[in-house]
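Please look through the sequence and the three-dimensional structure shown here before reading on. The report is written for a reader who is meeting a structure of this kind at the start of their studies.

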2 protein chains.
Amino acid sequence: MAHYHPPYSRRPLTLRDVSEASGVSEMTVSRVLRNRTDVSAATRDKVLSAAKRLGYVPNKIAGALASQRVNLVAVIIPSLSNMVFPEVLRGISDGLQDTALQPVFGVTEYSAEREESVLYEMLSWRPSGVILAGLEHSDAARAMLVNSGIPIVEIMDVDGAAIDSVVGISHRAAGRQMAAAILTAGYRRIGFLGTKMPDDHRARKRLEGFNEVLSKAGVSLIDAEYYAGGSALLKGREMTQAILSRTPDLDFLYYSNDMIGAGGLLWCLEHGIDVPGKLGLAGFNGVELLDGLPIRLATMDACRRQIGSRAASIVAAATADTGGGVRIELTPKLDPGATIRLG
Amino acid sequence: MAHYHPPYSRRPLTLRDVSEASGVSEMTVSRVLRNRTDVSAATRDKVLSAAKRLGYVPNKIAGALASQRVNLVAVIIPSLSNMVFPEVLRGISDGLQDTALQPVFGVTEYSAEREESVLYEMLSWRPSGVILAGLEHSDAARAMLVNSGIPIVEIMDVDGAAIDSVVGISHRAAGRQMAAAILTAGYRRIGFLGTKMPDDHRARKRLEGFNEVLSKAGVSLIDAEYYAGGSALLKGREMTQAILSRTPDLDFLYYSNDMIGAGGLLWCLEHGIDVPGKLGLAGFNGVELLDGLPIRLATMDACRRQIGSRAASIVAAATADTGGGVRIELTPKLDPGATIRLG
DNA sequence: GTGAAAGCGCTAACAC
DNA sequence: GTGTTAGCGCTTTCAC
């Protein structure tokens, strides 16, 4: 049902068109359009009005090729499916606010292979920097990053060797801290509920840290449930029901993220389970959504927004060629909410 | 705490480097790297191994300038704060899957001014097409779109005049349909809860359609609550409490989105309110999160993913220069859930 | 099947 | 303050 077919492929205007329309040389037109100060007010006005009248939009491709500068920062994240990465993106936007840099996003769906191809694609546009999640990359991706000659910031996680700069939290330490809090509160029969994602290295590290502290206390996970895809809130609900009917004497459920934790919490409340008396619950991330639940779920803030803005600042500084090779470890705080009893 | 300062600004490799390393002319290297078939297998292997060994990443800036082709689709959306746009983005990714096109995202935060500057910025990269939310744009933005000479797809909303192609639903009709369902169910004392966003035209149109049907039935909104920012789930909870304590005899609450509707629903359930007997509730969007609530909130699916993939297909087709100027109106279906009683 | 030359639209560098 | 010249790293075109 075509209703009108516009002339795609109209030739875009060039500097030359503005030059002719204003009677000013291309070079000076270029100066005006780049807000350079060494142009007389009269010339500037002539150019600006001609450009506006014609509807000229500069060609950054040509500009970038000529100047060898591209004001783009490649940002590569695993997913948009939960609230965690959009918030990192907002942090990045904030951090880039007062610079000429613009973020460009790519998504990997937690696949190293896709990360590699997205990275290749983005690097081919010669961005001013790269911000990407995690420290685990394919060899080829790592090589591209090392060879790129631009600032690289790996974010979210600090447990491992960074290529250049890194901003994040220690997920292993976060897992340990939560385990310690749970043990201190007196819980001993602990179940784990999480995603079936072998490539979510941060979730894996949290669980490793968690298990480590449990082991030292002679405790180990009694049962576990995993899911993939679907509504996390619903999955949390379903998995909670499943694990509790299979292993009714659990006294704590550790969820790998807040969304499934929230689903579990709602299920428990509906079923009159004494939380946190008989059963404690905890998630991870500190998502805003938790504010709207009947009672607060214990969680740990992953410092998402802050990570984004710090990473952006590092790229901005490195581009303005201050510094480089920075390591920033943020410390998430544990929020016991109302789902962990006092120890 | 710098731990290592890599040599930013290493000169990236060029075709010439690969040419010299492989002993093949630049032109033929270029052919191989673009997967052209008119190259002998022997030459191809030489080139490929040299390129891989060196870690060559092509410069798309130069390529785009020379070929006058850019495989980028500019995607401009209002926000990443709720689940609606990320899902549109996923639809777009899907729709672009089997093409050479790559989406690039920009966010406006519901500001026409920011839309204009994001658009300007993106058009300056000469993308192959633009997908943007809504039909309302500044005059300057509209002029840029019209003059761009590339396929433009306005998405989400079909209530108004499109520049080129359009894919969406009628929000006015959606509002009308919900009002009709509510009236049919026998509710008469209706309250509205929504965002304080004058520039969210789709929410506005839904409310207009809603009021229109109410008026015709001699009914009008009894009370309203507005919010801006913060956790939508929490705001839904707070606004529900506020509106019901101010106007206790309301028998229906119409929320402008599912998130605040979910917050309201949770609040009502906790306070033992008979839903949908004494009080009916409805939201909008059909977000996945609703699947995890104790009872289903009435809502309307905004067809987000489908809109994204259809829009992407239009751009892909127009680029391959089939068609153009397409209008697709999808029909959202009303899901009465368990929060509207049978009429 | 391969190579040489020209040029995409802009900006750096320098001359005036 | 303004103009001229020479590329940026590719791809197009055409010759071989």
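What follows is a report on the surfaces near the DNA strands, on the cavities and on one helix.

It should be kept in mind throughout that this is a predicted model.

**DNA strand C**

DNA strand C is surrounded by 24 residues, of which A:Ser30, A:Tyr56, A:Arg69, B:Arg31 and B:Thr43 come nearest. Of the atoms of this strand that lie within 4 Å of the protein, 67% belong to sugar or phosphate, while the rest belong to bases. Helix 2 and helix 4 of chain A, together with helix 2 and helix 4 of chain B, each supply at least two residues of the surface near DNA strand C, and helix 4 of chain A gives the most, with four residues. Sorted by class, the surface near DNA strand C has nine nonpolar, 10 polar and five charged residues.

**DNA strand D**

Around DNA strand D there are 25 residues, and the closest are A:Arg31, A:Thr43, B:Met27, B:Ser30 and B:Arg69. Sugar and phosphate make up 63% of the atoms of DNA strand D that come within 4 Å of the protein. The surface near DNA strand D draws at least two residues from each of helix 2 (26-33) and helix 4 (60-67) of chain A, and likewise from each of helix 2 (26-33) and helix 4 (60-67) of chain B. Its largest share, four residues, comes from helix 4 of chain B. The residues of this surface divide into 10 nonpolar, 10 polar and five charged.

**Polar contacts with the DNA**

The table lists polar contacts with the two strands, giving the atoms on each side and the distance between them.

| Residue and its atom | DNA strand and its atom | Distance |
|---|---|---|
| A:Leu15, backbone N or O | strand C, phosphate oxygen | 2.6 Å |
| A:Arg34, polar side-chain atom | strand C, phosphate oxygen | 3.0 Å |
| B:Arg31, side-chain N or O | strand C, base oxygen | 2.4 Å |
| B:Arg34, side-chain N or O | strand D, phosphate oxygen | 3.1 Å |
| B:Tyr56, side-chain N or O | strand D, phosphate oxygen | 2.8 Å |
| B:Ala62, polar backbone atom | strand D, base nitrogen | 3.3 Å |

**Cavities**

The structure holds two cavities of 30 Å³ or more. The largest cavity contains about 50 Å³ of space, and its lining is made of A:Ile77, A:Leu80, A:Leu89, A:Phe105 and A:Val107 together with B:Ile77, B:Leu80, B:Leu89, B:Phe105 and B:Val107. Strand 2 (102-107) of chain A and strand 2 (102-107) of chain B each supply at least two residues of this lining. By class, the lining of the largest cavity has 10 nonpolar residues, with no polar and no charged ones.

About 30 Å³ of space lies in the second largest cavity, which is lined by A:Leu233, A:Leu266, A:Leu289 and A:Leu293 as well as B:Leu233, B:Leu266, B:Leu289 and B:Leu293. The lining of the second largest cavity has eight nonpolar residues, and again no polar and no charged ones.

**Helix 5 of chain B**

Helix 5 of chain B, which runs over residues 84-96, has 13 residues and reaches 19 Å from its first C-alpha to its last, close to the 18 Å expected at 1.5 Å a residue. This helix is mostly covered, since 11 of its 13 residues are buried. Among the buried residues of helix 5 of chain B are B:Val84, B:Phe85, B:Glu87, B:Arg90 and B:Leu96. B:Leu89, another of the buried residues of this helix, also belongs to the lining of the largest cavity.

Methods. Residues are numbered from 1 along each chain as its sequence is written. Chains are lettered from A and ligands numbered from 1 in the order in which they are written. This is a predicted model: local features need pLDDT of at least 70, side-chain atom pairs count only at pLDDT 80 or more; totals for chains, interfaces and linings use all residues. Side-chain values use heavy atoms; hydrogens and water are left out. A residue is near a molecule or strand if one of its heavy atoms lies within 4 Å of it. A polar contact is a pair of N or O atoms within 3.5 Å; within protein, one must be able to donate a hydrogen and the other to accept it, and residues adjacent in sequence count only if both atoms are side-chain atoms. Ala, Val, Leu, Ile, Met, Phe, Trp, Tyr, Cys and Pro count as nonpolar, Asp, Glu, Lys and Arg as charged, and the others, Gly among them, as polar. On a 1 Å grid over the protein atoms alone, a cavity is a set of points where a 1.4 Å probe fits but cannot get out, and a pocket is an open set with protein on both sides within 12 Å along at least five of seven lines; lining residues have an atom within 4 Å of a point. Grid points are joined across faces, edges and corners, and a volume is the space filled by probe spheres set on the points. The expected span of a helix is 1.5 Å times one less than its number of residues. Buried means under 20% relative accessible area, exposed over 50%, partly exposed in between (1.4 Å probe, protein chains only).
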